[in-house]
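Subject: A structure for you to explore

Hi,

Here is the structure I promised to pass on to you. Please open it next to this email and follow along as you read.

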Amino acid sequence: MSEWIYFIHAPREDFAATMTAAEQRVWGEHAELLQRRLDEGSLILAGPTLGPVNTGICVFEAPDEDAARRYMAEDPTIASGIGRGELRPFRAAFLRPAP
């Protein structure tokens, strides 16, 4: 398995504070998907950057780039066209041990 990271670029600054009801629904679906992926074991970590530029970050495992692209494309934030996805290979070189 390889590690990958995708970024979710929000459509505007201060997105978290200015989401419409429709955008909030999509982000709710996104959260549900991430929880399923965490429970299934493919998701390593995910979360947003804070402040005026809200970029989402998702680190996960996939066997190859095609699978990683599908993984990212299935995210409701990207599939809906609200967010723009950016995929990159990733390697977690330094990890704090679990407590």
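Below is a short tour, going from the sheet to some single residues and then to a pocket. Please keep in mind that this is a predicted model.

**The sheet**

A good place to start is the sheet. It is open, has 4 strands in the order β2-β3-β1-β4, and its pairing is antiparallel. The strands at the edges are β2 (43-48) and β4, each of which pairs on one side only. From one strand to the next, the twist averages 15°. If strands are new to you, the general idea is that the strands of a sheet pair through backbone hydrogen bonds, in a parallel or an antiparallel way.

Now look at the pairs themselves. Strand β1 (residues 2-9) runs antiparallel to strand β3 (residues 55-62), and 8 bridges pair them. You can find two of the facing positions by eye: Tyr6 is opposite Cys58 in β3, and Ile5 is opposite Val59 in β3.

On to β2 and β3, which are also antiparallel and are joined by 5 bridges. Here Gly47 faces Ile57 in β3, while Ala46 stands opposite Cys58 in β3. These two strands make a hairpin with 6 residues between them, and in the turn Gly51 has a positive phi of about 100°.

How many of the 8 residues of β3 are buried? The count is 6, so β3 is largely enclosed by the rest of the structure.

There is a helix to find here as well. Helix α3 (residues 65-73) lies across β1, β2, β3 and β4, and it runs at about 145° to β4.

**Two buried residues**

Next, pick out Phe60, which lies in strand β3. Is Phe60 buried or exposed? Phe60 counts as buried because its relative accessibility is 0%, and the cut-off for buried is under 20%. Leaving out residues up to four places away in sequence, Phe60 touches Ser2, Glu3, Trp4, Ile5, Tyr6, Ser42, Leu43, Ile44, Ala68, Tyr71 and Leu87. Phe60 and Leu38 are 22 residues apart in sequence, and their C-alpha atoms are 9.1 Å apart in space.

Leu87 appears in that list of contacts, and Leu87 is worth a visit too. You will find Leu87 in strand β4 (residues 84-90). With a relative accessible area of 13%, Leu87 is buried. Not counting neighbours within four places in sequence, Leu87 is in contact with Trp4, Ile5, Tyr6, Phe60, Glu65, Ala68, Arg69 and Met72. One of these, Ala68, is 19 residues from Leu87 in sequence and 7.9 Å from Leu87 in space, C-alpha to C-alpha.

**Two residues with more accessible area to look at**Asp14 lies in the loop between β1 and α1. Asp14 is partly exposed, with a relative accessible area of 38%. What is the phi of Asp14? Phi is positive there, about 55°, although Asp14 is not a glycine. As background, most residues other than glycine have a negative phi.

Arg91 comes in the segment after β4. Arg91 counts as exposed because its relative accessibility is 67%, and exposed means over 50%. Along the sequence, Arg91 and Val59 are 32 residues apart, while in space they are 9.4 Å apart, C-alpha to C-alpha.

**The largest pocket**

Last stop: the largest pocket, which has a volume of about 280 Å³. Its lining is made up of 17 residues, and those nearest its centre are Trp27, His30, Gly47, Pro48 and Gly56. You have already met Gly47, opposite Ile57 in β3.

Which elements each supply at least two residues of the lining? They are α1 (15-18), α2 (21-40), β2 and β3. The largest share, 4 residues, comes from β3. By type, the lining residues divide into 11 nonpolar and 6 polar, with no charged ones.

That is the end of the tour. Enjoy looking around, and write back with any questions!

Best wishes

Conventions:
Residues are numbered from 1 along each chain as its sequence is written. This is a predicted model: local features need pLDDT of at least 70, side-chain atom pairs count only at pLDDT 80 or more; totals for chains, interfaces and linings use all residues. Side-chain values use heavy atoms; hydrogens and water are left out. Buried means under 20% relative accessible area, exposed over 50%, partly exposed in between (1.4 Å probe, protein chains only). Contact means heavy atoms within 4.5 Å. Two strands pair if DSSP finds at least two bridges between them. Axes are lines fitted to C-alpha atoms, for helices over the stretch in contact, and angles run from 0 to 180 degrees between N-to-C directions. On a 1 Å grid over the protein atoms alone, a cavity is a set of points where a 1.4 Å probe fits but cannot get out, and a pocket is an open set with protein on both sides within 12 Å along at least five of seven lines; lining residues have an atom within 4 Å of a point. Grid points are joined across faces, edges and corners, and a volume is the space filled by probe spheres set on the points. Ala, Val, Leu, Ile, Met, Phe, Trp, Tyr, Cys and Pro count as nonpolar, Asp, Glu, Lys and Arg as charged, and the others, Gly among them, as polar.
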